[in-house]
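Visitor: I have the coordinates open and would like to go through them with you. Where shall we start?

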Amino acid sequence: MSFFDKALGSTREVMRRDQVWPMLMPDAPKVNVDKDVILYVEGLSVSFDGFKALNDLNLYVNDGELRCLIGANGAGKTTLMDVITGKTQPDEGSVYFGQSIDLLAHKEPEIAQLGVGRKFQQPTVFDAQTVFTNLELSLKTNQGVWSSLTAKISPVESERIDYVLNTVGLQGQRQLLAGALSHGQKQWLEIGMLLVSQPRLLLIDEPVAGMTAQETERTAELLQSLAGEHTVIVVEHDMEFVRSIARTVTVLHQGSVLAEGSMDEVQNNKDVIEVYLGSET
Amino acid sequence: MSNLSNTIQKYRLPVNTTSMFVIVLFAATLLASMANLLVPVDSALHVSTYTITLLGKYLCLAMLAMAVDVVWGYCGILSLGHGAFFALGGYGMGMYLMRQIGDRGVYANPELPDFMVFLDWGELPWYWLGMDNFGFAMLMALAVPGLLAFVFGWLAFRSKVTGVYLSIMTQALTYALMLAFFRNEMGFGGNNGLTDFKEILGFDLQADSTRVSLFMITAVMLAIGFALSQYIMNSRMGRVVLAIRDGEPRSRFLGYRSERYKVWLFVYSALLAAVAGALYVPQVGIINPGEFSPINSIEVVVWVAVGGRGTLYGAVIGALLVNYAKSRFSVVMPEGWIFALGALFVWVTLFLPKGIVGWVQDRFSSLAQAPAQSQADDDLEEARHDESIMINKELAQ
């Protein structure tokens with residue numbers, strides 16, 4: 001009798017029409033942020049031919065934070081991004097995404113699928129394809145070879161693309177080839193490509209390099225609106241820009257963290273002044 | 001002017017590239033076949049069997065060019081070794097045709113091909129077993145090149161070998177195979193290769209009807225290959241492949257395992273080349289290690305460059321034109337062809353970077369833009385006209 005009940009119960013469960021079968025639900029990789037920290041970088045060292053690009057670097061980023069990384073050329077900012085996104089393997093140290101995901105054990109495509117998006121220093125969009133296709137390719141769907149043969153855009157995905165086009169202000173350029181966009185528009189498209197994939201963590205390398213003052217202002221607004229829902233790490237040289245968006249700033253110097261805090265704290269930090277002014281004079 | 005272009009737009013047939021290609025190809029094939037079989041020999045419209053075979057050969061080479069275009073034009077993998085897959089497919093077919101000779105060979109051995117009798121071999125090597133079965137032989141003609149492409153691609157793309165290094169490796173691959181197939185001990189007929197074929201599936205290979213049938217089958221296979229490739233390139237896979245061509249790191253950071261896409265595209269392309277090779281051998285009547293020579297593979301790249309890479313029909317057009325030119329040129333000056341080919345490649349690279357198709361498209365789009373511009377002018381004029389009416393009205397009041 002109890003067996004019959006069980007069977008009937010599970011049959012009912014399967015036949016329910018108000019919900020999708022659990023096995024068909026996309027299993028979003030779960031990032032454990034119980035402790036409010038989304039990225040743990042500990043004791044990270046990377047050397048290239050004896051040159052220490054990163055030297056025992058420690059960095060913790062909170063969930064939903066907008067963090068700016070600054071530092072002179074060669075301070076290790078880009079190398080740090082390379083390690084987080086799986087492009088470079090470190091000599092020592094650990095990188096954890098949330099409490100449980102070891103990023104060093106994954107390759108670039110897997111890390112992207114886990115929810116870490118990266119914008120390069122140079123805008124890299126697919127020039128030969130339209131703005132819309134660029135965003136379509138960034139959708140977080142099954143990205144395997146065989147499923148791509150029959151993939152179609154679902155209404156939900158199409159809405160998502162339209163939403164992102166509005167967010168980055170490119171709705172008018174929808175069917176334009178990405179190669180025909182201006183430099184600033186390409187930067188926004190690349191940010192849009194990251195947004196379409198709904199990442200938890202966004203790594204953005206020099207978003208306002210080569211932008212006009214107006215474009216810079218719009219970018220600042222855009223990045224600020226993203227924080228909260230996403231965690232954003234921005235690498236930037238433009239101090240004015242950093243001041244306008246930053247809540248917490250981390251200063252890198254020779255591959256490790258020199259100072260961390262609000263913009264004012266950092267600017268009045270003795271070490272920072274010494275390093276910056278020392279190198280200039 | 002704008003009226004004319006509007007009319008053209010309105011009455012343009014809703015045909016896409018694939019159906020257009022298939023219609024043209026089939027029409028040409030049918031006409032040529034009918035002109036061979038139905039038109040009497042002494043008529044001016046008669047197409048000789050020699051020409052039919054030549055056309056069939058061109059179509060096989062066009063298919064090979066398409067295979068190279070799939071990986072080079074769409075994914076940026078410059079393969080200089082596609083001749084290897086073509087030749088392997090050809091050897092598969094050749095082995096089947098060899099077994100069909102039976103006891104009609106010079107040594108009249110019902111089991112062993114002539115060259116094995118000549119080498120004093122007692123029995124068939126294991127890899128010749130089953131090749132007398134057409135289905136099995138065709139399976140091997142596809143499986144062997146496909147597997148080779150998979151292993152080669154998997155090793156190369158997983159290690160992120162790209163650009164000129166990959167091209168050199170593909171050259172080495174085809175060169176190594178050529179040296180191996182030249183050896184008599186390999187059991188593929190050494191430098192003479194496989195030849196002296198008699199019949200295929202019981203049909204006499206010298207008969208006009210067999211020749212025409214092979215030609216038509218080649219056209220059908222080319223059409224299928226074209227439609228399939230066009231489908232792949234129009235699917236999301238095609239868009240990912242283009243993305244990998246234009247920015248592989250970006251595509252990886254978006255979550256695509258680019259090496260897997262490249263491997264499967266490479267295998268698909270090798271299979272196309274193998275089919276072309278298998279169809280080529282019964283029509284030309286011989287397969288020898290010369291087909292593996294590196295220069296052959298480079299020649300294919302020139303065809304694609306001339307036609308215009310990145311469009312499948314461009315590769316087909318390039319292959320047909322260059323091979324026709326080769327046939328004509330070789331009659332006049334056989335030694336000069338290789339120099340003419342080199343000069344052609346340099347000339348195309350310098351002056352027609354997008355090939356013939358790209359050049360025609362550019363001319364066409366500049367023609368098409370002119371009416372669009374005049375349409376905009378018309379609109380502007382109309383707006384001005386309205387404005388002046390408004391002003392006149394205000395003045396009148």
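Guide: Let me begin with a definition we need for strand pairing: two strands count as paired if DSSP finds at least two bridges between them. Please also keep in mind that this is a predicted model.

Visitor: Okay, so how do β9(A) and β10(A) pair, and over how many bridges?

Guide: Strand β9 of chain A, residues 248-253, pairs with β10(A) in the antiparallel sense, and 5 bridges link them. Within that pairing, Val249(A) has Gly261(A) in β10(A) as its bridge partner.

Visitor: How many residues lie between β9(A) and β10(A)?

Guide: There are 2 residues between them in what is a hairpin, and Gln254(A), which sits in the turn, has a positive phi of about 50°.

Visitor: What sheet do β9(A) and β10(A) belong to?

Guide: They are part of an open sheet of 6 strands in chain A, with the order β6-β7-β8-β3-β9-β10 and mixed pairing. Because β6 (116-119) and β10 (256-261) of chain A each have a single partner strand, they stand at the edges, and one side of each is left without a neighbour in the sheet. On average, neighbouring strands of this sheet are turned by 20° against each other, with direction ignored.

Visitor: And at the other edge, do β6(A) and β7 of chain A run parallel or antiparallel?

Guide: They run parallel, and 4 bridges join β6(A) to β7, residues 201-205 of chain A. One of the pairs is Val116(A) with Leu201(A), the latter being its bridge partner in β7(A). Helix α8 of chain A, residues 213-226, packs on the sheet, where it touches β3 (66-70), β7 and β8 (231-235) of chain A, and its direction makes about 145° with that of β8(A).

Visitor: Switching to single residues, is Met81(A) buried or exposed?

Guide: Met81(A) counts as buried because it has 22 C-beta neighbours inside 10 Å, and the threshold for that class is 20 or more. Its place is in helix α2 of chain A, residues 77-84. If residues up to four places away in sequence are not counted, Met81(A) touches Arg118(A), Leu203(A) and Asp205(A).

Visitor: How far apart are Met81(A) and Thr216(A) in space?

Guide: From C-alpha to C-alpha they are 22 Å apart, with their positions 135 residues apart in sequence.

Visitor: I also flagged Asp49(A) in my torsion plot. What is its phi?

Guide: Asp49(A) has a positive phi of about 50° although it is not a glycine. As background, most residues other than glycine have a negative phi. Asp49(A) lies in the loop between β1 (37-48) and β2 (51-62) of chain A, and it is exposed, since 4 other C-beta atoms are within 10 Å.

Visitor: What about Leu201(B), then?

Guide: Leu201(B), a residue other than glycine, also has a positive phi, near 50°. It is found in the loop between β2 (199-200) and β3 (203-204) of chain B, and with 9 other C-beta atoms within 10 Å it is exposed.

Visitor: How many helices and strands does chain B have?

Guide: Chain B has 15 helices and 4 strands, and of its 397 residues 40% are buried. In chain A there are 11 helices and 10 strands, and buried residues make up 39% of the 281 residues.

Visitor: Which residues have the most contacts inside the largest nonpolar core?

Guide: They are Met63(B), Leu64(B), Ala65(B), Met66(B) and Ala276(B), in a core of 164 residues. Helix α3 of chain B, residues 49-75, gives the largest share of this core, 18 residues. Beyond its neighbours within four places in sequence, Ala65(B) is in contact with several residues, including Val300(B), Trp303(B) and Ala315(B).

Visitor: Does the end-to-end distance of α11 of chain B fit its 27 residues, or fail to?

Guide: It agrees: at 1.5 Å a residue, α11(B), residues 258-284, should span 39 Å, and its end C-alpha atoms are 39 Å apart. Since 24 of the 27 residues of α11(B) are buried, the helix is largely enclosed by the rest of the structure. Just after α11(B), Gly285(B) takes a positive phi of about 80°.

Visitor: Last one: how many residues does each chain give to the contact?

Guide: Chain A gives 22 residues and chain B gives 20 residues. On the side of chain A that touches chain B, the elements giving two or more residues are α3 (108-114), α4 (131-137) and α5 (145-150) of chain A. By class, that side has 9 nonpolar, 10 polar and 3 charged residues.

Conventions: Residues numbered from 1 in each chain as written. Chains lettered and ligands numbered in written order. Predicted model: local features only at pLDDT ≥ 70, side-chain atom pairs only at ≥ 80, totals over all residues. Axes fitted to C-alpha atoms, helices over the stretch in contact; angles between N-to-C directions. Contact = placed C-beta atoms within 7 Å. Expected span 1.5 Å × (residues − 1). Buried ≥ 20, exposed ≤ 12 C-beta atoms within 10 Å, placed from the backbone. Nonpolar A, V, L, I, M, F, W, Y, C, P; charged D, E, K, R; others polar. Core = buried A, V, L, I, M, F, W, Y, C linked by C-beta atoms within 7 Å.
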